[in-house]
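I'm keeping a notebook while I click through this one. Here is what I looked up, in the order I got to it.

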Amino acid sequence: MSKKDCIIVGGGIIGMATARELAMRGLSVSLFDKGKLGMESSWAAGGILSPMRPWSEHPFSAELSSQGKSCYADFVEALKEQTGIDPEYYRCGLLMINQDDVEQTRQWADKNKVIIAENYKDYPTNMRIPANSIFLPEIAQVRVPGLLKALHASLLKLGVTIFENTAITGLQLDKRRCKSVQLGSEKYYADTFIISAGVWSEQILGSNNCGIKIKPVMGQILCVKFAEQQLETMVLDGGHYFIPRKDGHVLIGSTMEHAGFDKAITQKARNGMMEWACTLWPDIARAEFIKHWSGLRPATDNGKPYLGQLEDYENVYINAGHFRKGILQAPVCARKIAEMVC
Ligand SMILES: Cc1cc2nc3c(=O)[nH]c(=O)nc-3n(C[C@H](O)[C@H](O)[C@H](O)COP(=O)(O)OP(=O)(O)OC[C@H]3O[C@@H](n4cnc5c(N)ncnc54)[C@H](O)[C@@H]3O)c2cc1C
């Protein structure tokens, strides 16, 4: 195969968004994934376009989140126009009910000029919402499977060469440069290489990882469905949340588990999330149960993603470690990497 301008290893939301940005700038791009594009952590995500605890974010990550929020509507609109697939960007707001978090959120909102509203009442009558909860009307959601489908379609239109079910086994490094990626005995050449393999990024770099440390934090999530939409806003209660879709689906999330690369779903987690959900909103018990799934969030020690050129290699970049904000931060991180590469 002819040499490309860029090779991207890992086709989750981060790799796909990065491939799109580079291809839109006229570069030839190959994107490799060990499975199907987007089917790991990215597919598992709920699609909340906000950090869960904005006041405690690392400043660099907070800036990416803020820029992500600002550009998301346009990002989705452009994808929709290009592909005809609607990722259902929906500014439904978020009701924060956890009493320990409310005051911190209020102070953070004040400092960052984020609009909050008190006395939000537009939730089901039997939902047990504490009196001093706060509503953040500007927070949006996106439906991630649709978003990934749209990204995939966009990459095909832009002429990105996609290799699925193709696990990269290593990088061929020579002094300060990478020459090719290896796939068993085959080699693929490019001028620039970008690692965006989520929790597997460290493994791909192997002993040349330049101190990159990304650990998996498993999250499980449930989906139920009402005949029609019952709830209009997302509800966040510490680590738990509801994400309602316009067609009556409601996601109930999520767990945070340190179980290495094991992502087996458990009855214990399902029971725990159902118990929280039914206590807060008894109607959940009569909704149809649809699905239970999990994914591995790529976490870093200091809470900020790795974004940029690797210290020891002038043509190798990394875009990974977005933990709970990869969906939110994907468009802005993709743009930043593309600017660096170009
Ligand atoms: C339950 C849950 C809920 C979440 N909710 C939200 C949310 O509401 N909002 C938000 O912003 N974020 C959310 N996240 C976080 C978000 O999903 C992640 O931050 C994001 O998906 C990370 O994207 P990624 O592309 O880096 O990783 P991934 O999607 O995991 O993609 C990495 C890809 O690399 C591929 N790969 C691995 N090894 C190789 C190899 N050797 N060769 C080739 N390819 C390889 C994998 O197959 C995979 O497709 C959630 C995560 C979970 C688990």
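My entries below start with the ligand and then move on to rings, single residues and backbone oddities.

**Entry 1: the ligand**

Reminder to self: this is a predicted model. I began with the ligand and asked which residues surround it. I got a shell of 38 residues, and the closest are Asp33, Ser42, Ile48, Phe323 and Arg324. Next I sorted the shell by residue type, and it splits into 17 nonpolar, 15 polar and six charged residues.

Where along the chain does the shell come from? I found that α1 (13-24), α2 (41-44), β13 (288-299) and α8 (326-341) each give at least two residues to it.

Then I looked at backbone atoms next to the ligand. Ile168 has a backbone N or O atom 2.9 Å from a ligand nitrogen. For Gly47, a backbone N or O atom sits 3.0 Å from an oxygen of the ligand. Ile13 has one too, at 3.3 Å from a ligand oxygen. I also checked how much of the ligand the protein covers: on its own the ligand exposes 1000 Å², and 98% of that is buried by the protein.

**Entry 2: Phe323, one of the closest**

I went back to Phe323, since I had it on my list of residues closest to the ligand. Phe323 sits in the loop between β15 (316-320) and α8. Its phi is positive, about 45°, although Phe323 is not a glycine. Is Phe323 buried or exposed? Neither, as it turns out: its relative accessible area is 27%, so I wrote it down as partly exposed.

**Entry 3: rings**

How many aromatic pairs does the structure hold? I noted eleven. The one I zoomed in on is Phe32 with Phe163, a stacked pair with 4.3 Å from centre to centre and 5° between the planes. These two come from distant parts of the chain: Phe32 is in strand β2 (residues 29-32), Phe163 is in strand β5 (residues 161-163), and their positions lie 131 residues apart in the count.

I checked how covered each partner is. Phe32 has 1% relative accessibility, so it counts as buried. Phe163 comes out at 17%, and because buried means under 20%, it is buried as well.

I also wrote down one aromatic cluster, made up of Phe226, Phe242, Trp276 and Trp281.

Two lysines over rings went on the same page. Lys34 lies over the face of Trp200, 4.3 Å from the ring centre. Lys246 lies over the face of Tyr90, and there I read 4.4 Å from the ring centre.

**Entry 4: two serines**

I picked Ser196 first. Ser196 is in the loop between β8 (186-195) and α6 (201-205). With a relative accessible area of just 5%, Ser196 is buried. What does its side chain have for company? A polar atom of the Ser196 side chain lies 2.9 Å from the backbone oxygen of Gly10.

Ser61 was next, and I found it in helix α3 (residues 59-83). Ser61 counts as buried, at 1% relative accessibility. I then compared Ser61 with Asn302: they are 241 residues apart along the chain, yet 9.8 Å separates their C-alpha atoms.

**Entry 5: backbone oddities**

I looked for a cis peptide bond and noted the one from Gly253 to Ser254, with omega near -25°. Ser254 is in the loop between β12 (249-253) and α7 (267-280).

Asn165 also made the page, with a positive phi near 50° in a residue that isn't glycine. Asn165 has its place in the loop between β5 and β6 (170-174). Buried or exposed, I wondered about Asn165? At 53% relative accessibility it counts as exposed, because the cut-off is over 50%.

**Entry 6: one last residue**

I finished with Gln203, which lies in helix α6. Its relative accessible area is 51%, so Gln203 goes down as exposed. I also took the C-alpha to C-alpha distance from Gln203 to Asp174: 19 Å in space, for two residues 29 apart in sequence.

Technical notes
Residues numbered from 1 in each chain as written. Predicted model: local features only at pLDDT ≥ 70, side-chain atom pairs only at ≥ 80, totals over all residues. Heavy atoms only, no water. Near = heavy atom within 4 Å. Polar contact = N/O pair within 3.5 Å; in protein donor to acceptor, adjacent residues only side chain to side chain. Areas by Shrake-Rupley, 256 points an atom, 1.4 Å probe, with all protein chains shown as cover. Helix = DSSP H or I, 4+ residues; strand = E, 2+ residues; numbered from the N terminus. Nonpolar A, V, L, I, M, F, W, Y, C, P; charged D, E, K, R; others polar. Phe/Tyr/Trp six-rings, centres within 6.5 Å; stacked < 30°, edge-to-face > 60°. Buried < 20%, exposed > 50% of the residue type's maximum accessible area, 1.4 Å probe, protein only. Lys NZ or Arg CZ within 6 Å of the ring centre and 35° of its normal.
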